[in-house]
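Me: I have some basic questions about how the labels in a structure get decided. Could you walk me through a few of them?

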Amino acid sequence: MERRQLLKQSAFAIAAFSFSRELFAKDAVNQPALNGSNAILNNMIRLGSNENPHGPSPLAKQAMVDAIHISNRYQWDMNSNLRTEIGKMTGHTKDHVALGAGSSELLGVVSLWAAYKKGNVVASEPTFKLWMPAARRMGLPTKLVPLTASKHNDLNGLMNAMDEQTRMVYLCNPNNPTGTVSPTSELENFIDKVANSTIVLLDEAYTDYYDVPSMSNLIDRYPNLVIAKTFSKTFGMAGARVGYILAHPTTIKQLNEFQAWANAGPSAVSMQGALAVI
């Protein structure tokens with residue numbers, strides 16, 4: 001596959017994903033703009049956005065303030081340093097890690113990778129949908145499977161909805177917006193049955209809020225398994241936009257090809273904050 005062709009595909013994806021965010025904003029509940037002139041709004045806890053009301057840690061804040069002085073420089077070394085530290089934090093190497101401006105950007109990158117293979121994607125309803133409009137515009141129609149009566153992801157239903165054209169299954173665990181968690185053994189069984197033939201995009205943005213293990217220990221066994229993580233929630237850095245994915249090194253290399261500049265989504269300021277948080 002020629003890099004010029006990949007960059008062309010990436011350009012279309014970036015445009016589509018940007019447009020999808022505009023659509024998402026229109027559909028979202030109207031919320032007042034937060035600015036320094038209104039202390040009440042600044043201290044508001046907005047559950048609809050799942051923001052951490054406490055914000056970044058003092059160390060992260062100071063690191064970001066200090067990093068302003070190096071904002072005139074590209075973050076060449078920081079990319080590698082942050083990936084290395086994330087690898088240590090999760091029990092992997094830096095080659096298992098790719099960075100993005102929040103995990104949402106990376107959901108779009110994985111969707112583009114799946115769309116390039118031509119077919120469809122299967123996901124739960126309701127679930128986190130920010131990436132879906134861009135995926136559809138890239139020729140990846142979405143088949144939605146209702147949750148169970150207990151509001152859990154219907155793993156059997158997702159498998160039954162798959163066909164020979166299914167290129168990706170998206171699963172948010174714990175699920176957004178229901179907060180329900182799939183039992184570990186059932187999720188492992190699901191991955192074992194699906195990931196050998198189909199991309200499994202597992203969104204773990206909320207695992208830090210639960211006593212539930214990450215499935216990232218399986219990425220070396222299943223190259224089709226991609227785990228999306230973020231610094232937005234428990235680390236309180238939603239506005240800083242730092243996300244990452246964990247996957248087999250071969251998969252990371254393929255996904256990097258769909259980024260105009262691999263691993264450079266977060267700014268130098270944001271990366272320094274993330275390093276301080278770790």
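Me: What makes both faces of strand 6 count as covered?

Reply: Take the two sides in turn: Leu 225, Ile 227 and Lys 229 are buried on one, and Val 226, Ala 228 and Thr 230 are buried on the other. Buried means under 20% relative accessible area, exposed means over 50%, and partly exposed is in between (1.4 Å probe, protein chains only). Six of the six residues of strand 6 (residues 225-230) fall in the buried class, so the strand is largely enclosed by the rest of the structure.

By the way, this is a predicted model, where local features need pLDDT of at least 70, side-chain atom pairs count only at pLDDT 80 or more, and totals for chains, interfaces and linings use all residues. Residues are numbered from 1 along each chain as its sequence is written, and side-chain values use heavy atoms, with hydrogens and water left out.

Me: Why is 225-230 called a strand, and how do you know which strands pair with strand 6?

Reply: Strands are DSSP runs of E with at least two residues, helices are runs of H or I with at least four, and both are numbered from the N terminus. Two strands pair if DSSP finds at least two bridges between them. Strand 5 (residues 199-203) is joined to strand 6 by four bridges, so this counts as a pair, and the two run parallel. Here Val 200 stands opposite Leu 225. Strand 7 (residues 243-246) also has four bridges to strand 6, but in the antiparallel sense. In that pairing, Lys 229 sits opposite Tyr 244.

Me: Is Lys 118 called buried or exposed, and why?

Reply: Exposed, because its relative accessible area is 54%, which is over the 50% cut-off. You'll find Lys 118 in the loop between helix 5 (102-116) and strand 2. Its phi is positive, about 65°, although it is not a glycine.

Me: What makes that worth pointing out?

Reply: Most residues other than glycine have a negative phi. Asn 263 has a positive phi too, near 70°. It lies in the loop between helix 9 (249-256) and helix 10 (268-277). Asn 263 is called buried because its relative accessibility is 6%, which is under 20%.

Me: Which peptide bonds are cis?

Reply: Among them is the bond from Glu 125 to Pro 126, with omega near 5°. Pro 126 is in the loop between strand 2 (120-125) and helix 6 (132-137). Another cis bond joins Asn 173 and Pro 174, with omega about -5°. Pro 174 is in the loop between strand 4 (166-172) and helix 8 (184-194). Most peptide bonds are trans.
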